[in-house]
Amino acid sequence: MKAMILAAGKGTRVQPLTYELPKPMIPILGKPVMEYLVDHLVKFGVTEIMVNVSYLHQKIENYFGEGQRFGAQIGYSFEGYINDERVVSPKPIGSAGGMKKIQEFGGFFDETTIVICGDAIIDLDIKSALFEHRRKGAMASVITKEVPNDKSSEYGMVVTDDQGRVLSFQEKPKPEDALSNLASTGIYILEPEVLKLIPSDQMFDIGSELFPLLVAKGVPFFAQKRFFNWIDIGNVKDFWAVLQNVLSGSVAHMTMPGTQIADGIWVGLNTRIDWEGTTITGPVYIGSGTRIEAGSTIVGPTWIGYGSHICAGAEVVRSVLFEYTRVTPNTEMTEMVVCKDYCVDRQGTMMHVSDCPTNSWRDARDRRTVPRDNEEQESDA
């Protein structure tokens with residue numbers, strides 16, 4: 001069995017996290033989402049992995065390389081072009097189009113292939129899913145999960161007959177219109193013959209174009225209803241919720257990194273905490289090289305990235321701070337995701353640091369005690 005990880009998307013719904021990171025590189029407990037996928041595939045003996053890349057492709061390629069340190073062989077297919085100024089420009093060609101390009105170039109998909117979106121964490125029993133795929137004589141299988149009817153508008157729903165054969169799809173239907181409670185998880189098992197139906201040299205999507213084509217042609221196409229953890233990072237609100245659950249220990253097989261120094265408190269290397277007047281209520285992770293000044297308050301679940309600085313009197317409550325974040329003195333960050341120059345609250349409202357009237361946060365590597373704008377105002381006076 002081989003694997004295809006879909007990693008060419010721009011991740012616009014997860015901005016600002018994806019301004020400088022491709023979506024599969026978003027960290028969960030300090031580890032890229034895609035790394036969890038690679039580890040899971042290798043665990044089930046799936047070591048030949050192809051990845052389609054486009055937006056910020058070099059960050060994925062540089063991190064994973066050829067896959068040796070993960071026990072895998074990883075190849076990449078870049079989707080884009082070189083413009084007239086000799087600049088490489090990303091241009092995704094759809095999930096199915098990307099697979100067709102790979103197949104025509106090198107014939108990689110010469111056996112059963114599992115296809116996984118690169119922006120979710122799963123613990124699917126791949127061996128069991130492959131067994132059911134073959135038992136039914138399927139040419140294609142889509143892995144589904146039951147979701148409550150009132151959540152149907154958030155997913156692509158799969159309609160099947162009593163034997164699980166796929167009849168049709170509904171893209172995010174209203175609850176009253178939903179004909180099924182089975183949501184597609186973006187995990188597929190495909191036989192090589194299926195790729196022959198994908199047209200060459202054009203944008204083509206698996207879910208919205210290839211699968212309806214399989215139904216129309218009567219290809220043996222089945223849905224599998226599975227019970228497993230499927231953690232999808234659809235937007236920043238989802239990312240915040242995922243971190244809250246993971247930090248709370250409610251997601252199996254995901255453990256806190258670092259060293260536990262007190263009940264519910266983990267730290268990385270070279271962390272400096274002044275405990276005088278400081279309150280830390282776990283679960284909290286404090287990254288390497290981070291400084292916590294006296295009189296600070298940190299309430300978990302909270303993740304503080306490496307190289308950060310929590311100033312005296314600051315409060316950080318149920319938040320996620322990316323690396324090198326300074327929370328300024330006597331300010332409060334509650335239920336926020338802070339990523340470099342941006343912060344996003346749990347409702348998804350985004351703010352740039354230049355628009356924050358209280359200068360609540362800034363880059364911890366900036367050693368000035370007064371922001372540049374304030375310095376200019378003081379000098380004018």
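Which residue in β14 does T144 stand opposite? Hold on to that one, I'll get there in a minute.

Okay, so, before anything else: what you're looking at is a predicted model. The chain has seven helices and 32 strands, so, yeah, get ready for some strand numbers. For overall shape, the radius of gyration is 23 Å, close to the 21 Å the globule rule gives for 381 residues, so the chain is as compact as a globular protein of that length. If you lay the C-alpha trace along its principal axes, it spans about 75 × 50 × 45 Å.

What about the inside? Buried residues account for 49% of the 381. And if you take contacts between residues at least 6 apart in sequence, 55% of them join residues at least 24 apart.

On the outside, the accessible surface is about 18,000 Å², and carbon and sulfur atoms own 48% of that. As for charges, there are 37 positive and 49 negative, and their mean positions sit 4 Å apart.

Right, back to my opening question. Have a look at strand β10, residues 140-146. Five of its seven residues are buried, so the rest of the structure largely encloses it. β10 pairs with β13, residues 182-190, in the antiparallel sense, over seven bridges. It also pairs with β14, residues 221-225, but there the sense is parallel, with five bridges. Now find T144: its bridge partner in β13 is S184, and in β14 it stands opposite K225. So there's your answer: K225.

Next, the sheets further along. One is an open sheet of eight strands with mixed pairing, and the order goes β16-β17-β20-β23-β26-β29-β30-β31. Its edge strands are β16 (259-262) and β31 (350-352), each pairing on one side only. Within that order, β29 (residues 336-339) and β30 (residues 342-345) run antiparallel, joined by four bridges. If you want a pair to click on, try M336, whose bridge partner in β30 is D345.

Then there's an open sheet of five strands, also with mixed pairing, in the order β18-β21-β24-β27-β32. Why do β18 (272-273) and β32 (361-363) each have one side without a neighbour in the sheet? Because they stand at the edges, with a single partner strand each. Further in, β21 (residues 291-292) pairs with β24 (residues 309-310) in the parallel sense over two bridges, and I292 stands opposite I310 in β24.

That's my tour. Over to you.

Definitions and conventions: Residues numbered from 1 in each chain as written. Predicted model: local features only at pLDDT ≥ 70, side-chain atom pairs only at ≥ 80, totals over all residues. Heavy atoms only, no water. Rg over C-alpha atoms; globule rule 2.2 N^0.38 Å. Buried < 20%, exposed > 50% of the residue type's maximum accessible area, 1.4 Å probe, protein only. Contact = heavy atoms within 4.5 Å. Areas by Shrake-Rupley, 256 points an atom, 1.4 Å probe, with all protein chains shown as cover. Lys, Arg positive; Asp, Glu negative; His and termini not counted. Charge placed at Lys NZ, Arg CZ, Asp CG, Glu CD. Pairing = 2+ DSSP bridges.
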